[in-house]
Structures are given as structure tokens and as C-alpha cells.
Amino acid sequence: MLASASFGSSAVMAQVVGNTPQVLNLIDDTAFFGDTFEADNEGATFADRFTFSVDATVGMNLDAIISSISRSADVGLDITGLALYGEGDSLLSTGSSLQSGAVDVWTITYNNLGEGDYYLQVSGNLVSDTGASFGGAVMLAPVPEPETYGMMLGGLGVLGFLARRRKAKQA
């Protein structure tokens with residue numbers, strides 16, 4: 001009985017595929033990422049992790065998109081989730097599905113990531129015995145400091161003052 005239980009559990013474990021974790025190579029705070037799955041994995045699931053670190057002293061905004069393309073909805077893979085996790089595996093944000101079927105598209109955003117380690121997790125399942133893949137891109141952008149907004153508002157005020165003065169001079 002024990003042998004059959006361990007045999008059954010290894011068959012279930014064989015159903016999880018993917019190459020995880022993968023370190024994102026951020027170049028100028030951007031990176032491409034993805035994974036490819038071999039044929040003959042119908043019914044298998046995946047939950048790939050793509051790790052990255054924020055070293056900036058200012059907060060960083062995150063924007064990411066992933067997609068997979070197949071001939072039809074019953075070929076390739078189905079992306080079922082996209083999430084951002086922080087220190088201690090704490091869930092920070094979940095993605096949104098923009099399109100599902102032959103073409104799956106998911107996006108995720110998060111504002112003001114502090115210094116630390118993070119990962120994006122892409123989840124899904126393989127819906128046929130054909131090979132399949134997904135790909136994505138991530139971008140980090142610094143959060144503007146309050147002084148930046150102050151300078152912008154001050155500049156707009158000066159432009160408004162000059163335009164009003166010019167209009168008054170013409171009248």
C-alpha cells in the first residue's frame with residue numbers, strides 16, 4: 001500500500017513543469033522573460049518565478065506584461081495567473097487578464113517598490129501535447145519625488161502668468 005501511495009504521489013509531482021526560479025537580468029531597469037515547455041505535457045501545470053532586486057534609494061514603479069500565442073484555445077498553454085511577491089513570499093499585487101483563448105495577455109502594475117527582493121509568478125497549465133511558450137517584459141521606473149511635482153507646477157504657473165500678461169498687452 002505504501003509503495004502504491006508513493007508511486008501515485010510521484011506521478012502527481014511529474015505533472016508540474018517549468019524552469020523556476022529564474023533571475024531577471026535587469027538592464028536599465030527593464031528585462032524580458034519567459035519559458036518554453038516541451039511537447040507531451042498535456043494537463044501539466046506550471047508556476048514559474050522570475051526574481052529581481054530593487055537597489056534604488058527611491059521607490060520604483062513596476063509595469064509588466066506577459067502573453068502566449070497559439071493557433072487556438074485548445075492548443076498550447078493557458079495562463080491562469082500573474083502575481084508580484086515581496087519579502088517573505090508576501091503577495092503584493094495580482095495581475096489582470098486582458099485576453100484569454102488562442103492569445104493570452106496579462107498585465108500587472110505596482111507603485112513604489114522599496115529596496116528589496118521580489119519575484120513575479122506566472123501560473124498556468126498546458127492544454128495540449130504540443131510544445132508551448134510564454135514571454136513577457138517588465139519595466140521599473142523611479143517614482144517622481146515631490147520636488148519634481150513642485151517644479152512642474154511652478155513652471156506651469158509661470159507659463160500661465162506669461163500667457164495672461166501677453167494677452168493683456170495685446171488688448
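A residue counts as buried here when its relative accessible area is under 20%. By that cut-off, 31% of the 171 residues of this protein are buried. Keep in mind that this is a predicted model.

I'll start with the overall layout. The secondary structure consists of 2 helices and 10 strands. Read from the N terminus, the order is α-β-β-β-β-β-β-β-β-β-β-α, with a helix at the start and a helix at the end of that series.

Now the sheet. Five strands make up an open sheet, ordered 1-3-9-5-6, with mixed pairing. Its edges are strand 1, residues 22-23, and strand 6, residues 90-94. Each of these has a single partner strand, so one side of each has no neighbour in the sheet. Within that order, strand 3 sits next to strand 9. Strand 9 covers residues 116-126, and it runs antiparallel to strand 3, with 10 bridges joining the two. If you want one pair to look at on the screen, take D48, whose bridge partner in strand 9 is V122. As a general reminder, strands of a sheet pair through backbone hydrogen bonds, in either the parallel or the antiparallel sense.

Next, strand 8, residues 103-113. Strand 8 pairs with strand 4, residues 60-69, in the antiparallel sense over 9 bridges. In that region I66 has W106 of strand 8 as its bridge partner. Strand 8 also pairs with strand 7, residues 96-99, again antiparallel, over 3 bridges. Here Q99 is bridged to V105 in strand 8. Strands 7 and 8 form a hairpin, and 3 residues lie between them. In the turn, G101 has a positive phi of about 130°.

Now two loops. L26 lies in the loop between strand 1 and strand 2. Is L26 buried or exposed? The answer falls in between: its relative accessible area is 24%, so L26 is classed as partly exposed. L26 and V138 are 112 residues apart in sequence, yet their C-alpha atoms are 8.7 Å apart in space.

The other loop connects strand 2, residues 30-37, to strand 3, residues 45-54, and E38 is located there. E38 has a relative accessible area of 66% and is therefore exposed. Which residues gather with E38 in a patch of negative charge on the surface? They are D40, E42 and D129.

That is what I have on this model.

How values were computed
Residues are numbered from 1 along each chain as its sequence is written. This is a predicted model: local features need pLDDT of at least 70, side-chain atom pairs count only at pLDDT 80 or more; totals for chains, interfaces and linings use all residues. Side-chain values use heavy atoms; hydrogens and water are left out. Patches are made of residues with over 30% relative accessible area and no salt bridge: like charges are joined within 9 Å, nonpolar side chains (Val, Leu, Ile, Met, Phe, Trp, Tyr) within 5 Å. Accessible areas come from the Shrake-Rupley method with a 1.4 Å probe; for residues, only the protein chains shown count as cover. A salt bridge is a side-chain nitrogen of Lys or Arg within 4 Å of a carboxyl oxygen of Asp or Glu. Lys and Arg count as positive and Asp and Glu as negative; His and the chain ends are not counted. The place of a charge is taken as NZ of Lys, CZ of Arg, CG of Asp or CD of Glu. Helices (H or I, at least four residues) and strands (E, at least two) are DSSP runs, numbered from the N terminus. Buried means under 20% relative accessible area, exposed over 50%, partly exposed in between (1.4 Å probe, protein chains only). Two strands pair if DSSP finds at least two bridges between them.
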